[in-house]
Amino acid sequence: MTKNQLENLIASANIERERKKESQYFELFTDLLKRKKGSIISNVAVGDSADYATETKTLKKLLKVESDALIGGFVVGIVAFSSIRILPRLAIRLIGGESKMKTFRDSENASRKSPNAFLKRGGSFLFEGMIGFWAGWRGYHVAASMQGEDVIEDITNIPLTQGRSITSDEICSELSNLVRNEIPNEFWQNLEQEDNLKHESSWRNIIRFSDNCIKRKAFEDILRAKNGIKDNEPVIIPPPGVPEDILEKTKYR
């Protein structure tokens, strides 16, 4: 085995080792969002400030998508549960007429008088409820994914927004530290192959958000130096927001 082959083998082993830690690393980010969620969402409630207007609009859009998806999932679950309970009787009446419906009711009455009838009815109700719950849960996720694609892009672009951004103030520093320092580069190399990570789409969005945080910080530093803004004073990003190519513009300065 050559030296290069040995180095490649070791590198591959390190990448695979880090891949197995995906759940552990993902929990770091979910914990960060849980800790910061309250202060971020509170910005929606006090979103009258013009400095936060653009970010508030995005957050309200996110909350609406979540609310609509929950309502849609609930409706789907109710419809699924009702269908299981009602459709068989309706089908018997439409296809077999009143005589078949009478036979069906007689059979149901007989089953209610049989031993363990209560357990059977309870088991049937539980099964139907589980089907309804599953349908509602799936309906929620489908509705959220269909409505949320544009919102996800809006969220990752929040650090580029004009004005002030409480999301960036609360999350950017810690999130960027997780991406660049706490999680080894070998883990991120798993994104070079599709479907190598369970939460691949989320990881790509996290990296994009972190990159945009860096862009915002670079632009803020320029504005501080240009306008004499102190480190403990907020920077209000002018319209239309942070330039996408700000890092390219500043790397030679």
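Contact means heavy atoms within 4.5 Å. Keep that in mind for the exercises below. The model is predicted.

**Exercise 1. Take stock of the chain: how many helices and how many strands does the chain have?**

Step 1. Count the elements. The chain has eight helices and zero strands.

Step 2. Read them in order. From the N terminus on, the elements run α-α-α-α-α-α-α-α.

Step 3. Look at burial. The chain has 253 residues, and buried residues make up 30% of them.

Step 4. Look at the surface. About 16,800 Å² is exposed, and carbon and sulfur atoms supply 58% of that area.

Step 5. Look at the contacts. Take those between residues at least 6 apart in sequence: 72% of them join residues at least 24 apart.

**Exercise 2. Place P159 and list what P159 touches.**

Step 1. Find the element. P159 sits in the loop between α4 and α5.

Step 2. Check burial. The relative accessible area of P159 is 0%. The cut-off for buried is under 20%. P159 is therefore buried.

Step 3. List the contacts. Leave out residues up to four places away in sequence. P159 then touches S168, C172, F209, N212, C213, R216 and V242.

Step 4. Take one of these partners, F209. P159 and F209 are 50 residues apart in sequence, yet their C-alpha atoms are 7.3 Å apart in space.

**Exercise 3. Stay in this loop and decide: is T161 buried or exposed?**

Step 1. Locate the residue. T161 lies in the loop between α4 (117-156) and α5 (166-182).

Step 2. Apply the cut-off. T161 has 10% relative accessibility, so T161 counts as buried.

Step 3. Name the contacts. Set aside neighbours within four places in sequence. T161 is in contact with T54, E55, R216, I237 and G241.

Step 4. Compare with Exercise 2. R216 is among the residues that P159 touches, and R216 is also among the contacts of T161.

**Exercise 4. Find the disulfide and give its handedness.**

Step 1. Search the whole structure. One disulfide turns up.

Step 2. Name the partners. C172 and C213 form the disulfide, with sulfur atoms 2.0 Å apart.

Step 3. Place them. C172 is in helix α5 and C213 is in helix α7 (residues 200-227). The two are 41 residues apart, and the pair links distant parts of the chain.

Step 4. Read the torsion. The value about the S-S bond of C172 and C213 is about -75°, so the disulfide is left-handed.

Step 5. Check burial. C172 counts as buried at 10% relative accessibility. C213 is buried too, with a relative accessible area of 5%.

Step 6. Link back. Both C172 and C213 are on the contact list of P159.

**Exercise 5. Describe the aromatic pairs of F187 with Y25 and with W203.**

Step 1. Know what to report. A pair of aromatic rings is described by the distance of the centres and the angle of the planes.

Step 2. Count. The structure holds six aromatic pairs.

Step 3. Take Y25 and F187. Their centres are 5.1 Å apart and their planes make 80°. Planes over 60 degrees apart count as edge-to-face. This pair of Y25 and F187 is edge-to-face.

Step 4. Place this pair. Y25 is in helix α2 (residues 22-45), and F187 is in helix α6 (residues 185-188). They are 162 residues apart. Both Y25 and F187 are buried.

Step 5. Take F187 and W203. The distance is 4.9 Å centre to centre, with 75° between the planes. This pair is edge-to-face as well.

Step 6. Place this pair too. F187 in helix α6 and W203 in helix α7 are 16 residues apart. Both are buried.

Step 7. Widen the view. Ring pairs link Y25, F26, F29, F187, W188 and W203 into a cluster.

**Exercise 6. Spot the unusual backbone: which residues does a cis peptide bond join?**

Step 1. Recall the rule. Most residues other than glycine have a negative phi, and most peptide bonds are trans.

Step 2. Check omega. A cis peptide bond joins P239 and P240, with omega about 5°. P240 is in the loop between α7 and α8 (246-250).

Step 3. Check phi. D195 has a positive phi, near 65°, and is not a glycine.

Step 4. Place D195. The residue lies in the loop between α6 and α7. D195 is exposed, with a relative accessible area of 71%.

Terms used: Residues numbered from 1 in each chain as written. Predicted model: local features only at pLDDT ≥ 70, side-chain atom pairs only at ≥ 80, totals over all residues. Heavy atoms only, no water. Helix = DSSP H or I, 4+ residues; strand = E, 2+ residues; numbered from the N terminus. Buried < 20%, exposed > 50% of the residue type's maximum accessible area, 1.4 Å probe, protein only. Disulfide = S-S within 2.5 Å. Phe/Tyr/Trp six-rings, centres within 6.5 Å; stacked < 30°, edge-to-face > 60°. Areas by Shrake-Rupley, 256 points an atom, 1.4 Å probe, with all protein chains shown as cover.
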